[in-house]
Amino acid sequence: GGGSDGGGAASTGKAAAGKAAGGAGTGSGGLVSELISPLALPAPSVAVLAGCHHLMLVDGELLGDPMDKAAVGAVGWSYALEGLCVSRAPSRRGSLRLLQRFAFASSLKRSSTVVEVESLDGAAPPPQQRLRALCKGAPETVRELLGRVPEGYDAAYLHHAQQGKRVLALAYKMLPQLQPQEARSLSREAVESELTFAGFLVLHCPAKSESAGVLAALSSSSHGLQMITGDQMLTAAHAAAQLRLITKPPLLLAALPPTEGAVGGGAAGTALRWESFGGGGSGGGEEVTEPFESSGAAMRRLAERYALCCDGAGFEALQRLGLLASALPHVSVLARMAPDQKELALSELKRAGITTLMCGDGTNDVGALKRSAVGVALVNATLV
């Protein structure tokens, strides 16, 4: 049988060492990748971490994403009352009110809020800086929303993702011409445009102590192992290598312009190829490319030498070509997968005659859990 293990299900779910890299004011030489203590961040970055989240209080208990909790706490702030965030640190007292929230959407890979900053670093901001749009999300997504992309942006976040860290981009903009009531009615498109970069949030989510042993036991008992996750590919490949879910050099299925496609796979091979990408601890090695051949037998032979990896874009390309059922049994890591793609992946594995056990956490895995022969949902009762 085949075993499918979501990336989040193998981690502790506790986001630790939440630090920022390449924060505001890094100078003209481009971003730096060194980590900065959250308590030393400039005020605009602090405001994003303190005010861009979807935490809530229910019967006095703080509920929400563990990464949001870690980010807010890391800068010394707390969600004190419904809609009010405060910092009581003597040197950095502050408060802000949440006027509007746009929830995280897997298809958008970001969330945003509109806030009114009452005080920051112990002082009230100028009137034109009280209302702000705040955004937090996948670096490649937030990049498209920035008014100006700083030099070294991609290198800075990829540096940390390659080490297995979860990286989120932070951004904001002032809303000087609006009144609070007007800010409450802004559309998501208006909020998430022409943003100013405020740094990267780098989160360390260690693997559960029992994960490696469980995966080893499954592997030694004739189960195939596959990671399906919404995380960035470099982060996922690093975690898979640390857990020994993959032990061979990883190759990523890359969708290419038709004129650059690999030769040898007929219509299916004209726009795809396998290539090395520095994942799984293989950074710095010799660059490898392999032609894409559409037959299951060819992919099985390739999987004997490499750990095959596929992101959401590659998955979509395989879907268009009708090759999911033949390709997926040979892929070890599926990353940047949307919830509907996770569900489709389990359906296609079933169509390929594979019996699956899906272990997942969070709402993004519900569809895939239902499609698997055995679904194991890991739920923290405090988050329900």
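Is Glu-140 buried, partly exposed or exposed, and what is its relative accessibility? In this predicted model, Glu-140 counts as partly exposed, at 27% relative accessibility. The residue takes part in a salt bridge, and the report below sets that pair beside others found in the chain.

**Overall architecture**

The protein chain has 384 residues, of which 49% count as buried. Its secondary structure comprises 14 helices and 20 strands. Among contacts with a separation of 6 or more, 64% are between residues 24 or more positions apart. The chain exposes about 17200 Å², and carbon and sulfur atoms supply 52% of that area.

**Salt bridges**

Searching the whole structure gives 16 salt bridges. Three of these pairs are set out in the table, with the N to O distance for each.

| Pair | N to O distance | Location |
|---|---|---|
| Glu-82 and Arg-101 | 3.7 Å | loop between strand 6 and strand 7; strand 8 |
| Arg-336 and Glu-140 | 2.6 Å | loop between strand 18 and helix 13; helix 3 |
| Glu-348 and Arg-351 | 2.9 Å | both in helix 13 |

The side chains of Glu-82 and Arg-101 meet at 3.7 Å. Glu-82 belongs to the loop that runs between strand 6 (77-81) and strand 7 (84-87), while Arg-101 is part of strand 8 (residues 94-105), so this salt bridge ties together parts that are 19 residues apart in sequence. Arg-101 is partly exposed, its relative accessible area being 27%.

Arg-336 and Glu-140 form a salt bridge in which the closest N and O atoms are 2.6 Å apart. This pair links distant parts of the chain, 196 residues apart: Arg-336 sits in the loop between strand 18 (331-335) and helix 13 (339-351), and Glu-140 in helix 3 (residues 139-142). With a relative accessible area of 17%, Arg-336 is buried, because the cut-off for that class is under 20%. Its partner Glu-140, at 27%, is partly exposed.

The pair of Glu-348 and Arg-351 lies within one element. Both residues belong to helix 13 and are three residues apart, about one turn of the helix, and their side chains meet at 2.9 Å, N to O. Glu-348 is buried, at 11% relative accessibility, whereas Arg-351 is exposed, at 58%.

Salt bridges also join residues into a network, whose members are Arg-110, Arg-188 and Glu-192.

**Summary**

The pairs described include a link between parts 196 residues apart, made by Arg-336 and Glu-140, and a link within helix 13, made by Glu-348 and Arg-351.

Methods. Residues are numbered from 1 along each chain as its sequence is written. This is a predicted model: local features need pLDDT of at least 70, side-chain atom pairs count only at pLDDT 80 or more; totals for chains, interfaces and linings use all residues. Side-chain values use heavy atoms; hydrogens and water are left out. A salt bridge is a side-chain nitrogen of Lys or Arg within 4 Å of a carboxyl oxygen of Asp or Glu. Helices (H or I, at least four residues) and strands (E, at least two) are DSSP runs, numbered from the N terminus. Buried means under 20% relative accessible area, exposed over 50%, partly exposed in between (1.4 Å probe, protein chains only). Contact means heavy atoms within 4.5 Å. Accessible areas come from the Shrake-Rupley method with a 1.4 Å probe; for residues, only the protein chains shown count as cover.
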